[in-house]
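You asked for a quick read-through before you open this one yourself. Here are my notes, as numbered points.

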Amino acid sequence: MNHITFQQDRELDFIGLGRLCIDLNANEINRPMEETLTFTKYVGGSPANITIALAKLGARTGFIGKVSDDQFGRFIKSYLHKLNIDTRNVVTDHTGAVTGLAFTEIKSPTDCSILMYRNNVADLKLEAGEVQEDFIKRAKAILISGTALASSPSREAVFQAIEYARKHQVVIIFDVDYRRWTWKSKEETAIYCNLVAEQCDVIIAGREEFDVMEIVTGPEVKDDSATAQRWFERQAKIVVVKHGGDGSIVFTKDGGSSQGGIFPAKQVIKTFGAGDSFAGAFIYGLLQGWPVEKCQEFGSASASIVVSSHSCSDAMPTVEQIENLIREHRANSSI
Ligand SMILES: Nc1ncnc2c1ncn2[C@@H]1O[C@H](COP(=O)(O)OP(=O)(O)O)[C@@H](O)[C@H]1O
Ligand SMILES: O=C(O)C[C@@H](O)[C@H](O)C(=O)COP(=O)(O)O
């Protein structure tokens, strides 16, 4: 029991909506970008990573997005096919738009940053008329990535998807996924993210992301419990506040909360990807009907595996890998 009721008669467990991009992760780790010579190419984009995480855990998944009509767009689509992610609503752009690129700089395990190239990107060109109602109604849950709200027409496509999801009782999950380069101002981010969050059943964001959303609404004092309460007065049943290496707190509408720590990684390679792997495994747990504490533990263990790896998407773990890590951790803690 976890406060979320999924419609059981659905062909798909989960649909991700938003960007399908490329991550170019520095091969020479512990160096600044200026001195980096080579990169490895992976499928990336936060909602893509989350959907890939769920697919690797065995969920039946699909995606709504737009890719460029070039080698990168084709690489992304074929990667999704290999993981059995339904791409019937992944549209190909024909206006000359490009794939967003995220170059990652791994200066040290704790000092990582991302250089994003996002001019004229295909993902933000998804139009409301391209979102298929018939596809959304086949799913138990849909994830909205906040970055898809950064400009039109993708912004309207999100609102269209939410309309269809609500009409067909598809659980709506919002990952705020704030990438400041994509937005004109924090106020713009706050206004659109708040408009979406008030229609969502599950909201997942870092403390700093909630702070951005609270610029226009308050409160002045930043408090996780007060933040969650504000969304429980709307549609939300679960609010997750992420705190990086300090773990996370999951709040539920009935007044419950669960403070979760992390699974310390043996070797942290980089910190990005933690949020996406956490979200993927957490949502997987919700779909299984697990209590939120178990979903949170599963998410944290998944994040620990991804921060120990070079990639985000490729490194998303299987159920067995996560269970092994949790078992190992318990065995070590009881020594
Ligand atoms: N260095 C780390 N080692 C192990 N787990 C981590 C680490 N950093 C984050 N996590 C886990 O991943 C979750 C999400 O991380 P966070 O950094 O808050 O998200 P985001 O990547 O979206 O900013 C945390 O709540 C925690 O469980
Ligand atoms: O989201 C992007 O466009 C880049 C991602 O693919 C990248 O790997 C990343 O930053 C992961 O984000 P996080 O999980 O929020 O740390």
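**Notes on the model**

1. Let's start with Glu209, which sits in helix H6, residues 207-213. Keep in mind throughout that this is a predicted model. Is Glu209 buried or exposed? Glu209 counts as buried because 21 C-beta neighbours fall inside 10 Å, and the cut-off for buried is 20 or more. Leaving out residues up to four places away in sequence, Glu209 touches Val176 and Tyr178. Gln71, by contrast, is 138 residues from Glu209 in sequence and 33 Å from it in space, C-alpha to C-alpha.

2. Next, ligand 1. It has 19 residues around it, and those that come nearest are Lys242, Ala274, Gly275, Ser300 and Ala303. Two elements, H8 and H9, give two or more residues to this shell. Which of them has the largest share? That is H9, with four residues. Sorted by class, the shell around ligand 1 holds eight nonpolar, ten polar and one charged residues.

3. Now for ligand 2, where 14 residues make up the surroundings. Gly44, Ser46, Phe272, Gly275 and Asp276 come nearest. At least two residues of the shell come from each of strand S2 (21-26), helix H1 (46-56) and helix H8 (274-288). H8 gives the most, three residues. The class count here is six nonpolar, six polar and two charged. When you look at the two sites, note that Gly275 is listed among the nearest residues for ligand 1 and for ligand 2.

4. H8 also deserves a look for its packing. Two packed helices are described by the angle between their axes and the distance between the axes. For H8 and helix H9 (residues 292-307), the angle is about 145° and the axes are 7 Å apart. The crossing of this pair is right-handed. On the H8 side, the contact includes Ala274, Phe278, Ala281 and Phe282, and on the H9 side it includes Phe298, Ser300, Ala303 and Ile305. By class, the contact between H8 and H9 has 13 nonpolar, seven polar and one charged residues.

5. What about the core? In soluble globular proteins, nonpolar side chains tend to be buried together. Here the largest nonpolar core has 105 residues, and Ile142, Ile144 and Ala161 touch the most other members. H8 turns up again, as the largest share of this core, nine residues, comes from it. To see one of the well-connected members, try Ile142: its contacts are Ile15, Leu17, Ile136, Ala161, Ala165, Val170 and Ile172, not counting residues up to four places away in sequence.

6. A few backbone details are worth checking by eye. The peptide bond from Ser152 to Pro153 is cis, and its omega is near 5°. Pro153 belongs to the loop between strand S8 (139-145) and helix H4 (154-167).

7. Two residues other than glycine have a positive phi: Asn84, near 65°, and Asp177, near 45°. Asn84 is in the loop between helix H2 (71-82) and strand S5 (86-92), while Asp177 is in the loop between strand S9 (171-175) and helix H5 (186-197). Which class of burial does each get? Asn84 is partly exposed, because 13 other C-beta atoms lie within 10 Å. Asp177 counts as buried, because its C-beta neighbours inside 10 Å number 28.

8. Val216 is in the loop between H6 and helix H7 (224-232). With 14 C-beta neighbours inside 10 Å, Val216 counts as partly exposed. Its contacts, not counting residues up to four places away in sequence, are Glu187, Ala190, Ile191 and Asn194. Trp181 is 35 residues from Val216 in sequence and 19 Å from it in space, C-alpha to C-alpha.

9. Last, Thr36, in the loop between S2 and strand S3 (39-44). Why does Thr36 count as partly exposed? Because it has 19 C-beta neighbours inside 10 Å, and buried takes 20 or more. Thr36 touches Ala26, Glu28, Arg31 and Glu105, not counting residues up to four places away in sequence. Thr36 and Thr104 are 68 residues apart in sequence and 10.0 Å apart in space, C-alpha to C-alpha.

How values were computed. Residues are numbered from 1 along each chain as its sequence is written. Chains are lettered from A and ligands numbered from 1 in the order in which they are written. This is a predicted model: local features need pLDDT of at least 70, side-chain atom pairs count only at pLDDT 80 or more; totals for chains, interfaces and linings use all residues. A residue is buried if 20 or more other C-beta atoms lie within 10 Å of its own, exposed if 12 or fewer, and partly exposed in between; C-beta atoms are placed from the backbone. Two residues are in contact if their C-beta atoms, placed from the backbone, lie within 7 Å. A residue is near a molecule or strand if its C-beta atom, placed from the backbone, lies within 6 Å of it. Ala, Val, Leu, Ile, Met, Phe, Trp, Tyr, Cys and Pro count as nonpolar, Asp, Glu, Lys and Arg as charged, and the others, Gly among them, as polar. A nonpolar core is a set of buried Ala, Val, Leu, Ile, Met, Phe, Trp, Tyr and Cys residues joined through C-beta atoms within 7 Å. Axes are lines fitted to C-alpha atoms, for helices over the stretch in contact, and angles run from 0 to 180 degrees between N-to-C directions. A crossing is left-handed if the near helix is turned anticlockwise from the far one by less than a right angle, and right-handed if clockwise.
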